[in-house]
Amino acid sequence: MAKRQQSRNKRVARTREPETEPESARGDEMGMAAIDDQQSIPAILPILPIRGTVVFPGTVMPLGIGRPSSRAMLDECLPQSKIIALFTQRDEEMEDPRPSDLYPVGVAAAVLKLMRQPDETVSIVVHGLKRIGIERMLPGNKYMRAKVKVLEEVPGEGKLFEASARQLTQQARQLIEMSPNAPDQALTVLLNIENPAHLADFLGANLNIDLAQKQDLLEQTIVDKRIRSVLVHVSKQLENLKLQAKIQADVQSSIGKSQHKMFLREQLKAIQRELGEDEDSNAATIRDLKQRLEAAAPPPKVMAEAQRDLNRLESIHPASPEFSMMLSYLELIVDLPWSVSGEEKIDLDKSRRILDRDHFDLEKVKRRLIEYLAVRKLNPDGRGPILCLVGPPGVGKTSLGQSVADALGRRFARLSLGGIRDEAEVRGHRRTYIGAMPGRIIQEIRRAGQNNPVMMLDELDKLGSDFRGDPASALLEVLDPRQNSAFVDRYLDVPFDLSRILFIATANYMGNVPSALSDRMEVIEIPGYSDHDKVQIARRFLVPRQLKENGLKRRQCTWLMPALHKVINDYTRESGVRELERQIGAVSRAIAAEVAQIKKPTKRTWRVDAKLVAKYLGPEKYFRELDSRTRTPGVVCGLAYTPVGGELLFIEATSYPGRGRVQLTGKLGDIMKESADAALSLFKSTAKSFGIDPRKINRRDLHIHVPAGAVPKDGPSAGIAMFTAIASLMLDVPVIPKLAMTGELTLRGRVLPIGGLKEKTLAASRAGIAEVILPELNRRDLAEIDPRVAKALRFTFVQTVDEVLEASLGKHKLKEAVQKATQAGMAVRAMRDKTSSLGTGMHS
């Protein structure tokens, strides 16, 4: 009984064992009798195979459920009936037992409680009811079901039986009193049990005996024989405890006060001498840890802490839960690369070749990375900046980190931050918690085996936060070169130097990154690819890779340039190349299917042209609707910058009789709604200059809509586009075809600069835009635009909304519309004056 948790600790050391050893308990005699009498056992029960333990009638035990089939059985059966059949399997290591792998006698048990754990396992609390046997198995695919029969007990009689029961109670009481680990309530429960059969079951569940011996006790239905068998086991354990007490007394007398800290170790040695054993596997494990600790060569403070824990480990019994926890901690200490560094060989020419080999274009990014490597070569001990690569998905941010690791000759570790909401994922859990583990950073360093890997912090802008903390705040120390030399993981609880690690972060949109975190990094923007870039990337990288993945040889499949252009223009609309690669892979799979169906060898070559692409990919997914949508007055094409790159934003305006109210639709953010209000206010204040009576505006309701209503939209850069849409509607003049605009608007009619110009111009180029209206203050940003994009577009720079309307509606059309509106206004006023004078005359 003193060692009854030993089997549980062994199973805890295994990874996600489906069933764990329970700590059994028993209620009072009356409570158990009430349950046994009232619960009727169904004739057909689902079977839950358990391992490492035997559940007895009348005992309450927790069980850990890890098998998918067992979880499915519980989910399906518990809503109908809380009673299940528990049968112990013969081989603990068998993951998928069959009926023949189970012992023939089990127990019908009621499920009292079900708890779902964070690691997808399920814990249940069961109460054993009656012994049962299997009459026959029933067919089933997901889990085992059987027709069972209740095994009736043969009660004991006579004076000999009563004497055996009394002797069992007395010896069990002595055993509990001498056991140091026995619960306080165990003796109370023992004394309240009056039924000898229940007494035997209670002791059988808690004795430290083999699984087969427990199963023999369960299968014994003759109470007299069961009492005698339990009495034999109790007597043996009582003798062992008495011998242990004698050894403890001998050891205590042989050591003095100065050796009191080594008491438990001497006790174990005395037990080994009594058994005739020199040492056990635990001593070999501790010796191995000492050797590995010396080889790891951690800093002196860490070494002292580890030595102290090793000395404690030697004095802890292997059956104690603390032993496995401390062993896992010390294994982490010795596995960490405290003094193991990857040899850094920086060859700038080789690094440039590696970057060119893995990535097309991105000259600015490559130049900055080469500069970083050059500084590392001249000053290896310097604290370089933390780089953050920002750009739309699919432009090669993560692969750039792998290329940098190859160029440096270091190992590469990737830490995906998307969806992390728990601060402990970064800093680790305190060792006081069950299931505690180090943070993700320490885990990745342990896997890398070097203290200076290239660590990619991927999807930095996808971090979350909740009641468990803010992981972004935990990264502040990690990404600060002046603080991370003494990073303390809560599980490790000793400093680890992160300053030698090259951190490279990636993000799609810096707006979601906290300012304190972005302030610690150097942001390098990676633009989206132009159509020309995508064609070159497809030719050099995507097509060869997809041919190889689909089992095709280059001589069997040749991609023509028109085919690549068709895929890019008609089947993809993205800043990166992920969708492009998927479409190329779809065509390659279709060709591979045709090749595989040819029975005889052939030298045929599939030439992929535009027609073959349309045949395999079907109807076009995207088409240019710019001309058809902007022919109507009140429709303007704006430009937006999103986390996935630049996009076109159509803004539509219409009016109808009303009271001057404004309705905004299209899932607009607060900033965009404010831009719409500012644009309307500005137009009302300048309506007279366009020949429009402000009272006319107040007599009509205005509706501004931004299509693609399911997509959130926000930002101030649509200000001039909204103003132009209102002016176009009110003046009844459509916007010049193939024209787009972007710019923030003030109430004084000034046009302010915007961001994301590079991505917005790429989107305009992809959509077939010919002219783009930009704020004058963005003229200096033209140098950052792709030269091919800048050559394909015509830029008009403006400072006021008057210039915006002249450029978007045309000077002559705008002038004619103003004159027409002025004449119409004059005619209305003259008619109003005439009507007023007639009314006055009639009144006179």
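Let's start at K791, a residue in helix α29 (residues 787–792). Helices here (H or I, at least four residues) and strands (E, at least two) are DSSP runs, numbered from the N terminus. K791 is exposed, with a relative accessible area of 77%; exposed means over 50% relative accessible area, buried under 20%, and partly exposed in between, using a 1.4 Å probe and protein chains only. From K791 to S765 is 26 residues in sequence, and their C-alpha atoms are 10.0 Å apart in space.

A word on what you are looking at. This is a predicted model, in which local features need pLDDT of at least 70 and side-chain atom pairs count only at pLDDT 80 or more, while totals for chains, interfaces and linings use all residues. Residues are numbered from 1 along each chain as its sequence is written, and side-chain values use heavy atoms, with hydrogens and water left out.

Now step back to the whole chain. It has 31 helices and 25 strands, and buried residues make up 47% of its 844 residues. Take the contacts (heavy atoms within 4.5 Å) between residues at least 6 apart in sequence: 74% of them join residues at least 24 apart.

A good place to go next is helix α3 (residues 68–77), whose buried residues are S70, M73, L74 and C77. Those residues span an arc of only 95° around the axis, which puts them on the same side of α3; the arc is that of the directions from the helix axis to the C-beta atoms. Some background helps here: an α-helix has 3.6 residues a turn, so residues three or four places apart point the same way. Among the elements covering the buried residues of α3 are β2 (44–50), β3 (59–65), β4 (83–88), β5 (105–116) and β6 (122–138).

Of these strands, have a look at β3. It is mostly covered, with 5 of its 7 residues buried. β3 and β6 run antiparallel and are joined by 6 bridges; two strands pair if DSSP finds at least two bridges between them. Within this pair, M61 stands opposite V126 in β6.

Further along the chain you will find an open sheet of 5 strands. Their order is β9-β10-β13-β8-β14, and the pairing is parallel. β9 (412–416) and β14 (521–525) are the edge strands, each pairing on one side only. From one strand to the next, the twist averages 25°, with angles running from 0 to 180 degrees between N-to-C directions, and axes being lines fitted to C-alpha atoms, for helices over the stretch in contact. At the β9 edge, β9 pairs with strand β10 (residues 454–458) in the parallel sense over 5 bridges, and A413 stands opposite M455 in β10.

Helices pack on this sheet too. Helix α14 (residues 363–378) touches β8 (386–390), β13 (502–507) and β14, and its direction makes about 150° with that of β14. Helix α17 (residues 440–448) lies across β9 and β10, running at about 155° to β9.

Follow the chain out of α14 and you reach P380, in the loop between α14 and β8. P380 counts as partly exposed, at 47% relative accessibility. The C-alpha atoms of P380 and R500 are separated by 9.6 Å, although the two residues are 120 residues apart along the chain.

Two other loop residues are worth a look for their backbone angles. D493 has a positive phi of about 65° although it is not a glycine. D493 lies in the loop between β11 (487–488) and β12 (495–496) and is partly exposed, with a relative accessible area of 48%. K738, also a residue other than glycine, has a positive phi near 55°. K738 is found in the loop between α27 (719–731) and β21 (739–741), and at 38% relative accessibility K738 counts as partly exposed.

Let's finish with a pair of helices. The axes of α21 (residues 561–570) and α23 (residues 610–617) come within 7 Å and cross at roughly 40°. The two helices are therefore oblique to each other: angles under 35 degrees count as roughly parallel, over 145 as roughly antiparallel, 65 to 115 as roughly perpendicular and the rest as oblique. On the α21 side, P562, A563, K566 and V567 meet A610, V613, A614 and L617 in α23. The residues of this contact divide into 7 nonpolar, no polar and 1 charged, where Ala, Val, Leu, Ile, Met, Phe, Trp, Tyr, Cys and Pro count as nonpolar, Asp, Glu, Lys and Arg as charged, and the others, Gly among them, as polar.
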